[in-house]
Amino acid sequence: MKQTVILYPGCDVGHIAPMTELANIFLKHGYNVTMVLVEPPFKSSDSSATAIERIAASNPSISFHVLPALPLPDMFASGKHPFLLILQLLRDYNELLEAFLRSLPRESLHSVVLDMFCSHALDVCLKLGIPAYTFFASSASCLSVLTQFPALIASRQTGLKEIGDTPLHFLGVPPMPASHLIKELLEHPEEEMCKAMTNTWKRNTETMGVLVNTFESLETRAVQSLRDPLCVPGRILPPIYCVGPLVGMGSKDDNGAASNECLKWLDLQPDRSVVFLCFGSMGTFSVEQLREIAVGLERSRQHFLWSVRTPAGSHDPEKYLEVRPEPDLHALMPEGFLERTKDKGLVIKSWAPQVDVLRHRATGAFVTHCGWNSVLESIVAGVPMLCWPLEAEQKMNKVCMMEEMSIAVELDGYMAGFVKADEVETKVRLVIEGAEGRQLRAQVAARKEEARAAIEEGGSSRASFVQFLLDVENIGEQIGE
């Protein structure tokens with residue numbers, strides 16, 4: 001009987017995409033794959049449901065099973081952080097997940113791979129005796145820091161916010177300014193958010209192993225730290241499998257007219273001349289910041305392709321709920337900007353075919369929020385980056401991108417929440433025209449070659465995945481005895 005792998009990515013589209021790439025690797029090894037989805041709890045301008053439908057349509061060999069919808073949390077009524085409500089909602093889905101797994105022939109189930117935010121579902125797998133693994137969609141460096149974090153705060157009576165930029169020392173990663181950790185981890189250790197996150201990260205390494213979306217040569221020290229007994233004193237961590245880079249091919253995720261407009265425009269530009277600005281599905285800026293970026297781009301006199309989203313509301317959690325209209329570019333940009341720069345730049349509304357843009361011969365630099373999917377896509381395309389981290393683990397990624405990987409420069413001002421036009425102008429010119437930019441391109445080109453080698457026959461990520469399959473087989477035999 002052909003065995004089936006169950007992938008459970010939760011409700012974050014940013015995690016569904018790399019898990020879909022993981023699914024394709026399982027398919028190549030002769031397994032059936034079923035991806036179990038839950039209804040996205042919050043609506044956004046980039047309709048999560050539409051994105052999921054696009055992924056499903058592009059991957060007909062994967063079975064998609066959507067669990068029956070549960071009542072969505074009332075975020076404003078509860079007064080709780082959206083992350084806590086998402087965790088609770090996912091916990092509530094455990095019963096439905098269990099019922100679905102029980103409906104399948106046990107002998108056909110190979111394993112369950114859980115997203116990093118679905119670690120609560122480990123209880124279901126243990127109950128049913130199904131081998132369970134974690135898929136960590138971010139970097140090994142991030143995983144290492146988060147795995148070591150509970151021990152760091154165990155004896156603290158206060159939060160880390162008060163120590164500001166003081167560097168924290170973790171095994172396997174560069175010195176990490178405390179201010180660059182995930183914001184909620186800076187709170188008092190007894191705060192609900194800090195405790196919930198800390199517990200989530202701890203449970204990620206309580207499965208039978210962790211599949212990480214990276215390749216060993218990119219993060220050698222971080223990967224080694226996770227295999228070091230000193231990483232978490234008194235505790236042996238499960239095996240770490242580097243199976244990346246898991247990134248899409250691009251063109252099959254085409255989004256019609258928007259994609260064609262971008263790529264046709266890029267076809268007319270000189271090689272490596274265009275700076276591409278795109279900040280992920282949650283990345284929005286104030287009108288003032290958008291205009292500052294525009295001034296910097298115009299002054300730089302460089303070619304640019306810029307994906308702009310309508311500014312979010314003033315209430316922070318609204319970014320999870322708003323269905324934003326298309327941006328009115330003439331209202332958002334400085335007067336006359338679009339007309340003056342029409343021969344140099346293209347500003348598009350919301351969506352850009354990011355993988356295709358990054359792999360285009362005309363793209364020479366990428367201004368990014370440092371989400372890990374975007375970082376890997378840029379590495380695979382061989383494009384140097386300008387870091388503008390916004391939230392989550394992005395500031396941690398930025399430190400590693402600069403200090404460990406040497407593939408990026410930073411845009412000063414990101415910590416204060418405002419990057420000035422002069423900084424945009426200077427750094428864009430530096431990467432596109434300057435000697436430092438040439439050096440960065442050479443570094444990224446080397447990383448691109450390492451990434452290609454990792455996923456080829458005999459490569460490190462291929463070997464790591466085969467080892468994972470062998471380990472699951474051995475565990476399955478032990479469970480069957």
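Me: How buried or exposed is His65?

Reply: His65 is partly exposed, at a relative accessible area of 27%. Buried means under 20% relative accessible area, exposed over 50%, and partly exposed in between (1.4 Å probe, protein chains only).

Me: What kind of model is this?

Reply: This is a predicted model, where local features need pLDDT of at least 70, side-chain atom pairs count only at pLDDT 80 or more, and totals for chains, interfaces and linings use all residues. Residues are numbered from 1 along each chain as its sequence is written, and side-chain values use heavy atoms, with hydrogens and water left out.

Me: Back to His65. Which strand holds it?

Reply: His65 sits in strand β3, residues 63-66. Strands (E, at least two residues) and helices (H or I, at least four) are DSSP runs, numbered from the N terminus.

Me: And what is His65 in contact with?

Reply: Setting aside neighbours within four places in sequence, His65 is in contact with Thr34, Met35, Val36, Leu37 and Phe100. Contact means heavy atoms within 4.5 Å.

Me: How far apart are the C-alpha atoms of His65 and Tyr8?

Reply: The separation is 9.9 Å. Along the chain, His65 and Tyr8 are 57 residues apart.

Me: Let's zoom out. How many helices and strands does the protein chain have?

Reply: The chain has 19 helices and 15 strands. Its C-alpha trace spans about 70 × 50 × 50 Å along the principal axes.

Me: How much of the chain is buried?

Reply: Buried residues account for 56% of the 481 residues.

Me: What share of the contacts joins residues at least 24 apart?

Reply: That share is 73%, counted among contacts between residues at least 6 apart in sequence.

Me: Now the helices. How many residues of α16 are buried?

Reply: Helix α16 covers residues 394-403, and 8 of its 10 residues are buried, so α16 is largely enclosed by the rest of the structure. The buried ones are Gln394, Lys395, Met396, Asn397, Lys398, Val399, Cys400 and Met401.

Me: What covers the buried residues of α16?

Reply: The cover includes three strands and helices such as α7 (140-153) and α15 (372-381). The strands named are β7 (176-177), β14 (385-387) and β15 (408-410).

Me: What about α4? How many of its residues are buried?

Reply: Helix α4, residues 82-92, is mostly covered, with 8 of its 11 residues buried. Those are Pro82, Phe83, Leu84, Leu85, Ile86, Leu87, Leu89 and Leu90.

Me: Where is Ala392, and what is its phi?

Reply: Ala392 is in the loop between β14 and α16. Its phi is positive, about 50°, although Ala392 is not a glycine. Ala392 is partly exposed at 43% relative accessibility.

Me: And Ser406, what is its phi?

Reply: Phi of Ser406 is near 55°, again a positive value in a residue other than glycine. Ser406 lies in the loop between α16 and β15. At 28% relative accessibility, Ser406 is partly exposed.

Me: Which residues does the cis peptide bond join?

Reply: Gly244 and Pro245, with omega about 5°. Pro245 is in the loop between β9 (240-242) and α10 (257-267).

Me: Which residues lie nearest the centre of the second largest pocket?

Reply: Pro245 is one of them, along with Ile25, Lys28, Ile455 and Arg462. The lining has 26 residues. Helices α1 (13-28), α18 (435-455) and α19 (460-480) each give two or more residues to this lining. On a 1 Å grid over the protein atoms alone, a pocket is an open set of points with protein on both sides within 12 Å along at least five of seven lines, while a cavity is a set where a 1.4 Å probe fits but cannot get out; lining residues have an atom within 4 Å of a point.

Me: How much space is in that second largest pocket?

Reply: About 710 Å³. A volume is the space filled by probe spheres set on the grid points, which are joined across faces, edges and corners.

Me: You mentioned α19. Where is Glu473, and is it buried or partly exposed?

Reply: Glu473 is in helix α19. Glu473 is partly exposed, with a relative accessible area of 46%. Its C-alpha atom is 9.6 Å from that of Ser111, 362 residues apart along the chain.

Me: Last one. How many cavities of 30 Å³ or more turn up?

Reply: A search of the whole structure finds 1. The largest cavity has a volume of about 50 Å³. Its lining is Phe279, Gly283, Thr284, Phe285, Leu290, Trp306, Ser307, Val308 and Arg309. Strand β11 (residues 303-308) gives the largest share of that lining, 3 residues.
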